[in-house]
Amino acid sequence: MSVYDKLRELGITLPPVAVPAAAYVPFVRTGHLVFLSGHIARKDGKPWVGQLGAAIQTEEGKAAARAIAIDLLGTLHAAVGDLNQVTRIVKLMSLVNSTPSFTEQHLVTNGASELFAQVFGSEKGAHARSAFGVAQIPMGACVEIELIAEVD
């Protein structure tokens, strides 16, 4: 089954690449690696604002991370032209806007990690990962994730 068949099965339509909000590019490809700039959580086309452990709880944060993963897939598709050329999701770095006492950043980030495993399979979708709690994210977003992928 192709990556696009899996996306259809999951009811996912790839979004267009978001226009960068500052002085950077959405992705850089060097050799067999593609580095995607951080994508913030969006809901209804606007930043998904809030802080984990205050206005937002873990399950909603996990949904935000999943939404980011879909946006990352759209950018990755734009970068390589064909998601079937992805040989491995190498690494995710997740920043979670959270209160000092919130300690479930790893569970929030599972929203993205689980989607990549569903789309690319347990081997290609398995990746190294970091999940950090931070005091704030641009535009007040609840989660930001960047990605590194290997391609043919």
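These legends describe close-up views of a predicted model.

**View 1. Strands E5 and E6 pair in the parallel sense.** E5 covers residues 86-97, and E6 covers residues 128-134. Seven bridges join the two strands. Valine 96 stands opposite glycine 133 of E6. In a regular strand, side chains alternate between the two faces of the sheet.

**View 2. E5, helix H3 and E6 form a β-α-β unit.** The unit is right-handed. Its helix, H3, takes in residues 105-124. The strands of this unit, E5 and E6, are parallel partners.

**View 3. Helix H2 runs from residue 58 to residue 80.** How does the span of H2 compare with the value expected at 1.5 Å a residue? For its 23 residues the expected span is 33 Å, and the end C-alpha atoms lie 32 Å apart, which agrees. Glycine 81 comes just after H2. Its phi is positive, about 85°.

**View 4. Arginine 8 and aspartate 5 meet in a salt bridge within helix H1.** Side chains of opposite charge can pair when their charged atoms come close. Here the N to O distance is 2.5 Å. Both residues belong to H1, residues 3-9. They sit three residues apart, about one turn of the helix. Is arginine 8 buried or exposed? Arginine 8 counts as exposed because its relative accessibility is 57%, over the 50% cut-off. Aspartate 5 has 32% relative accessibility, so it counts as partly exposed.

**View 5. Lysine 43 and glutamate 60 form a salt bridge between their side chains.** The N to O distance is 3.8 Å. Lysine 43 is in strand E3 (residues 42-43) and glutamate 60 is in helix H2, so the pair ties together parts 17 residues apart in sequence. Lysine 43 is partly exposed, with a relative accessible area of 41%. Glutamate 60 is also partly exposed, at 30% relative accessibility.

**View 6. Glutamate 114 and lysine 62 form a salt bridge.** Their closest N and O atoms are 3.2 Å apart. The pair links distant parts of the chain, 52 residues apart. Glutamate 114 lies in helix H3, and lysine 62 lies in helix H2. Glutamate 114 is partly exposed, at 39% relative accessibility. What is the relative accessible area of lysine 62? The value is 22%, so lysine 62 counts as partly exposed; buried would require under 20%. The count for the model comes to three salt bridges.

Note on methods
Residues numbered from 1 in each chain as written. Predicted model: local features only at pLDDT ≥ 70, side-chain atom pairs only at ≥ 80, totals over all residues. Heavy atoms only, no water. Pairing = 2+ DSSP bridges. Helix = DSSP H or I, 4+ residues; strand = E, 2+ residues; numbered from the N terminus. Right-handed = clockwise from strand over helix to strand, strands pointing away. Expected span 1.5 Å × (residues − 1). Salt bridge = Lys/Arg side-chain N within 4 Å of Asp/Glu carboxyl O. Buried < 20%, exposed > 50% of the residue type's maximum accessible area, 1.4 Å probe, protein only.
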